[in-house]
Amino acid sequence: MRITVLTVPECPNGPVVRERITAALAGRQAEVQLVEVSDQAEAERAGMTGSPTVLLDGVDPFARAGAVPSVSCRIYREADGRTDGAPSVKALSKALSAAGPAAPADADC
C-alpha cells in the first residue's frame, strides 16, 4: 500500500497525521510519502482538498462530496461531531483496513 500525505509547507498537522498513520499501521509496512504542495495548480494535479490530505493508493478515503482542490487547511469531522486538523488514529485504521492489507512489519517485500 502506498500512503501519500499532501501538505502545504509548514503545515502544523503534517507531523500529527504522520504520527497517527504510524499508530494506525500498528507495525504493518506501507510506503509513506510526504508531498508539499505550494500552489493551486499543484493541488489540482495532486487531488489535495486541504492540508493535510491523505491518499491511500491515490484515493482520498476522507473525501467529501463537492470538495474542490485547495491550498488551505483541512478540517476532519469525527463520527461524534468533533473536528480536528488530521484524521484520528481510529479513522485512519478504518480507512487502511478498507483499502486493503498492508504487509506485516517482518514480511520480505
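## Cysteines and disulfides

Look for disulfides anywhere in this predicted model and you come up empty: the search of the whole structure finds zero. C11 isn't in one, and the nearest cysteine sulfur to it belongs to C73, 6.1 Å away. Seen from the other end, C73 is in no disulfide either, with the sulfur of C11 as its nearest cysteine sulfur. A disulfide here would need the two sulfur atoms within 2.5 Å, so at 6.1 Å this pair doesn't make the cut.

So which of the two is buried, and which is exposed? C11 counts as buried because its relative accessibility is 9%. C73 counts as exposed, since its relative accessibility is 63%.

## The sheet

Next up is an open sheet of three strands, running in the order β2-β1-β4 with mixed pairing. The edges are taken by β2 (31-36) and β4 (53-56). Each of those has a single partner strand, so one side of each has no neighbour in the sheet. Going from one strand to the next, the twist averages 20°.

How do β1 and β4 pair? Strand β1, which covers residues 2-7, meets β4 in the antiparallel sense, over four bridges. If you want a spot to check by eye, try V5: its bridge partner in β4 is V54.

## The helix on the sheet

Helix α1 (residues 14-25) packs on this sheet and touches β1, β2 and β4. As for how the helix lies, its direction makes about 165° with that of β1.

Key
Residues are numbered from 1 along each chain as its sequence is written. This is a predicted model: local features need pLDDT of at least 70, side-chain atom pairs count only at pLDDT 80 or more; totals for chains, interfaces and linings use all residues. Side-chain values use heavy atoms; hydrogens and water are left out. Buried means under 20% relative accessible area, exposed over 50%, partly exposed in between (1.4 Å probe, protein chains only). Two strands pair if DSSP finds at least two bridges between them. Helices (H or I, at least four residues) and strands (E, at least two) are DSSP runs, numbered from the N terminus. Axes are lines fitted to C-alpha atoms, for helices over the stretch in contact, and angles run from 0 to 180 degrees between N-to-C directions. Contact means heavy atoms within 4.5 Å.
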